[in-house]
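Open your viewer, load the model and keep the selection box handy. We will go from stop to stop, with something to select at each one.

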Amino acid sequence: MTAALRMSGLLCAAATLLVTASLAGCSGGGGDGKDDGGGGTAAEQPDDFTCLTEAEAKSSSITFTVDDGSEIGGYAPKGGSGAGIVLAHQADGTVCQWKDKADELSKAGYRVLAVNSNGQEVDEVVGAAGYLRDKGAKKILLMGASKGGTAVLAAAPRLKPQPDAVVALSAPTQYQAMNALKAVPELTAPVLYMAADGDGDFAVGEKELNRQSVKSSEHRFVLVRGESLHGVALLDDAKRWDTVRAFLTKYGS
C-alpha cells in the first residue's frame, strides 16, 4: 500500500512538472511573438526605407490602406498639427526622396505623409489624403515629382472635397495608366507647375497641363530656364523652394 501511494505521488509530481513546463513555453520571454505588454502579437519591425534612423522608423514609419485593402508604407514625421500634405515620389525613388523636405514641412507645422509607392499611385494619394484627414487635417495639399506629379494631378479630382492646392514638379502628361491631361480639366484646386526647359518633353507637357487647368482657381507654370534638373532636384535651389513654400502657405494656412 505504501509503495502504491509513493508511486502515485511520483506520477502526480511528474505531471505537474510537465504542465508547468508547457505553461512556461507559452509565456512572454520565450521569443514567441508576444509583445512584452502581454495579450497581443508583437508589431512587425517598422520599415526604415533605408533612410530613417531607428528612432524615426519607430515613431514615424506608418502604413495606411487603399481601396483594395492593400497596406502602403509611408513616412509621417511627428509634430505637425496644421494642414496635411501628401508627398509622392518619382519612379526612380522611394519615400527617401522626400525625407528632408518632409522633415522641414513637419517642423513648419504641416501634417506630412510621404508615400512609399508600390505601384498604385493614384489610389495611394487618395488613401494618404484620407489618412491625414482621419488624423485631423482640415486642409489637404498634394505635391508630387515626375510620376508622383502625374499621380497627384490624377488623384486630385477624385478627392471629395478636392485638395486645397496641388504642386506638380516635372510631371509627364501621362504615365502608364495615369492620365493627368485628362484629369486636370476637372481640377478646381489651385495648382503650381514647375519644370526645367532643358528637361526634354517635361516642360512642354507641364505647359500644356497648365493650359488645360481651366477650372482651377489659380494655375501657374514656373519654367526654370537654362537647367535640366528633374523633379525633386528642382527644389535644391532655395528660391524655387521658397516659391513652392509660399504657394503651400497661401492655401494651407
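The tour below begins with the whole chain and then visits a sheet, a helix and a few single residues.

**Stop 1: the whole chain**

Before you zoom in, note that this is a predicted model. Show it as a cartoon, and you can look for eight helices and ten strands. The chain has 253 residues, and 45% of them count as buried. Switch on a surface if you like: about 12800 Å² is exposed, with carbon and sulfur atoms supplying 53% of that area. Among the contacts with a separation of 6 or more, 72% are between residues 24 or more positions apart.

**Stop 2: the sheet**

Now hide the surface and follow the strands. Eight of them form an open sheet with mixed pairing, in the order β1-β2-β4-β3-β5-β6-β9-β10. At its edges are β1 (61-65) and β10 (219-224), each of which pairs on one side only. Ignoring direction, neighbouring strands in this sheet are turned by 20° against each other on average.

Select β1 together with β2 (residues 71-75): the two run antiparallel and are joined by five bridges. Show the side chains of Phe64 and Ile72 here, since Phe64 stands opposite Ile72 in β2.

**Stop 3: strand β6 and its partner**

Next, select residues 140-145, which make up β5; five bridges join this strand to β6, and the two run parallel. One pair to pick out is Ala145 and its bridge partner in β6, Leu169.

Which way do the side chains of β6 point? Ala165, Val167 and Leu169 point one way, Val166 and Ala168 point the other way, and all are buried. That makes five buried residues out of five in β6.

Step back along the chain to the loop between α5 (147-155) and β6, where Pro161 is found. The peptide bond joining Lys160 and Pro161 is cis, with omega at about -5°.

**Stop 4: Ser170**

Go forward again to the loop between β6 (165-169) and β7 (174-175), and select Ser170. Its phi is near 55°, a positive value in a residue other than glycine. Is Ser170 buried or exposed? Ser170 counts as buried because its relative accessible area is 0%, and the cut-off for buried is under 20%.

What surrounds Ser170? Beyond its neighbours within four places in sequence, its contacts include Ser146, Met194, Asp199, Phe202, His230 and Leu234. Try the distance tool on Gly231: the backbone nitrogen of Gly231 lies 2.8 Å from a polar atom of the Ser170 side chain.

**Stop 5: Gln176**

A short way along the chain, select Gln176 in the loop between β7 and β8 (178-179). The phi of Gln176 is also positive, near 50°, and this residue too is not a glycine. Gln176 counts as exposed because its relative accessibility is 62%, and the cut-off for exposed is over 50%.

**Stop 6: helix α4**

For the last stop, select residues 121-134, the 14 residues of helix α4. From first C-alpha to last, α4 reaches 20 Å, close to the 20 Å expected at 1.5 Å a residue. The helix is mostly covered, with ten of its 14 residues buried. Among them are Val122, Val125, Val126, Ala129, Tyr131 and Leu132. After α4 comes Gly136, with a positive phi near 110°.

Key
Residues are numbered from 1 along each chain as its sequence is written. This is a predicted model: local features need pLDDT of at least 70, side-chain atom pairs count only at pLDDT 80 or more; totals for chains, interfaces and linings use all residues. Side-chain values use heavy atoms; hydrogens and water are left out. Helices (H or I, at least four residues) and strands (E, at least two) are DSSP runs, numbered from the N terminus. The expected span of a helix is 1.5 Å times one less than its number of residues. Buried means under 20% relative accessible area, exposed over 50%, partly exposed in between (1.4 Å probe, protein chains only). A polar contact is a pair of N or O atoms within 3.5 Å; within protein, one must be able to donate a hydrogen and the other to accept it, and residues adjacent in sequence count only if both atoms are side-chain atoms. Contact means heavy atoms within 4.5 Å. Two strands pair if DSSP finds at least two bridges between them. Axes are lines fitted to C-alpha atoms, for helices over the stretch in contact, and angles run from 0 to 180 degrees between N-to-C directions. Accessible areas come from the Shrake-Rupley method with a 1.4 Å probe; for residues, only the protein chains shown count as cover.
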